[in-house]
Amino acid sequence: MKINGGIEYYQNGMRIPLRAMQVQAELMGIHNENITGFDKVGYQRQEAVVSSFTEYLGVNGISKSTDDKIGRIALTENPLDIALATKGYFQIETDAGVKLTRDGRFKLDKDGNLLTLDDNKVLSDAGIPIQLHIVPDDLNKIKVDDNGKVSVFNEKTRKLEGVATIGVVDARGSIVEEPHVKQGYNEFSNVALQNEFIEMMPIIRNFEANRQVFLIQNQNLQKVINQLGSTS
């Protein structure tokens, strides 16, 4: 007895270039997203992951992964601007739960809570919101060391007093032992514009080629329909 197995897939010829154009449009959208995020603080480049069956699955065969390389770090001299010179993320408390971010543009409220620009609380390495027991009139009295330990200068004791350590974790939520925290800096995206444009060129060419195939097939189909109509 002989058993034959396999997969056979049949589809309308016009669907092939149409599906290919949809895939290429999705890929261009990912590159456009990266270009838009070039000047965004904490933005990490998105990479397209194309499966082996994308020609059959269309856009459902495309997923995205995050490029976690360090971005461009720039001096701001704002004491509450914090950048990470290593891979990892700040933990913040949002209405939807704990989120991860590399955007370290922080601020203080009147109660001494350390917040993001969106008013989400920044969490310590113990997983609790960071709150300064002293709200200084000068933010330069707040110091953050290389390990993320936050201290504030007490005018009464004339000493720096420890508050908490900023929680820095990897993508799985594990604590990063040496986060290399830089106070007074922002980290911009890790996007290289020239690479994005270079990688888009073959996608654009493929899109145009499939567009031409689709137009030719459409014209041929229209001719067949017209001929059938004239003979009936």
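Start by selecting Arg-158, which you'll find in the loop between β11 and β12. This is a predicted model, so read everything on the tour as a property of that prediction. Colour Arg-158 by backbone angle and you'll see a phi near 60 degrees, a positive value in a residue that isn't glycine. Is the residue buried or exposed? Arg-158 counts as exposed, at 55% relative accessibility.

**Around the β11–β12 loop**

Stay in this part of the chain and select Glu-155 and Lys-141. The two form a salt bridge, with their closest N and O atoms 2.3 Å apart. This pair links distant parts of the chain: Glu-155 is in the loop between β11 and β12 (159–165), Lys-141 is in the loop between β9 (121–122) and β10, and 14 residues separate them in sequence. Glu-155 counts as partly exposed, at 39% relative accessibility.

Keep Lys-141 on screen and add Asp-137. Here is another salt bridge to Lys-141, this time with the closest N and O atoms 3.2 Å apart. Asp-137 is exposed, with a relative accessible area of 73%.

Now step to Asn-154, in strand β11 (residues 149–154). Which side chain does Asn-154 meet in a polar contact? Show Glu-161: the contact between the two side chains is 2.8 Å. Asn-154 counts as buried, since its relative accessibility is 12% and the cut-off for buried is under 20%.

**More salt bridges**

The count for the whole model comes to 15 salt bridges, so there's plenty to click through if you like charged pairs. Try Arg-105 with Asp-103, whose side chains meet at 2.7 Å, N to O. Arg-105 is partly exposed, with a relative accessible area of 28%, while Asp-103 is buried at 18%.

For a bigger group, select Arg-45, Glu-47, Glu-196 and Glu-199 together. These residues are linked in a network of salt bridges.

**The aromatic pair**

How many aromatic pairs does the structure hold? There is one, and you can bring it up by selecting Phe-90 and Phe-106. The arrangement is edge-to-face, at 5.2 Å centre to centre and with 75 degrees between the planes. Phe-90 lies in strand β5 (residues 89–94) and Phe-106 in strand β7 (residues 106–108), so the pair ties together parts of the chain that are 16 residues apart in sequence. Turn on a surface and neither ring residue will offer much to look at: Phe-90 is buried, with a relative accessible area of 0%, and Phe-106 also counts as buried, at 4%.

**Charges over rings**

Leave the rings in view and look at where positive side chains sit over aromatic faces. Select Arg-72 and Phe-38: Arg-72 lies over the face of Phe-38, at 4.2 Å from the ring centre. Then go to Lys-182 and Tyr-185, where the charged end of the lysine sits over the tyrosine ring, 4.5 Å from its centre.

While you're in that stretch, click His-180. His-180 is found in the loop between β13 (168–169) and β14 (181–183). Like the arginine at the start, His-180 isn't a glycine but has a positive phi, here about 50 degrees. His-180 is partly exposed, with a relative accessible area of 32%.

**A nonpolar patch on the surface**

Switch to a surface view and select Phe-53, Tyr-56 and Leu-57. Together they form a nonpolar patch on the surface, with about 310 Å² of accessible area. Tyr-56 is found in helix α2 (residues 54–57), and it is partly exposed, with a relative accessible area of 37%.

**Two distances to draw**

Finish with the distance tool. First pick the C-alpha atoms of Val-144 and Leu-80: they are 64 residues apart along the chain, and 8.8 Å separates them in the model. Val-144 lies in strand β10 (residues 142–144) and is buried, with a relative accessible area of 12%.

Next, pick the C-alpha atoms of Lys-99 and Asn-120. These residues are 21 apart along the chain, and their C-alpha atoms are separated by 9.6 Å. Lys-99 is found in strand β6 (residues 97–101). Is Lys-99 buried or partly exposed? Lys-99 is partly exposed, with a relative accessible area of 40%.

Technical notes:
Residues are numbered from 1 along each chain as its sequence is written. This is a predicted model: local features need pLDDT of at least 70, side-chain atom pairs count only at pLDDT 80 or more; totals for chains, interfaces and linings use all residues. Side-chain values use heavy atoms; hydrogens and water are left out. Rings of Phe, Tyr and Trp (its six-membered ring) pair if their centres lie within 6.5 Å; planes under 30 degrees apart count as stacked, over 60 as edge-to-face and the rest as tilted. Helices (H or I, at least four residues) and strands (E, at least two) are DSSP runs, numbered from the N terminus. Buried means under 20% relative accessible area, exposed over 50%, partly exposed in between (1.4 Å probe, protein chains only). A charge sits over a ring if NZ of Lys or CZ of Arg is within 6 Å of the ring centre and within 35 degrees of the ring normal. Patches are made of residues with over 30% relative accessible area and no salt bridge: like charges are joined within 9 Å, nonpolar side chains (Val, Leu, Ile, Met, Phe, Trp, Tyr) within 5 Å. Accessible areas come from the Shrake-Rupley method with a 1.4 Å probe; for residues, only the protein chains shown count as cover. A salt bridge is a side-chain nitrogen of Lys or Arg within 4 Å of a carboxyl oxygen of Asp or Glu. A polar contact is a pair of N or O atoms within 3.5 Å; within protein, one must be able to donate a hydrogen and the other to accept it, and residues adjacent in sequence count only if both atoms are side-chain atoms.
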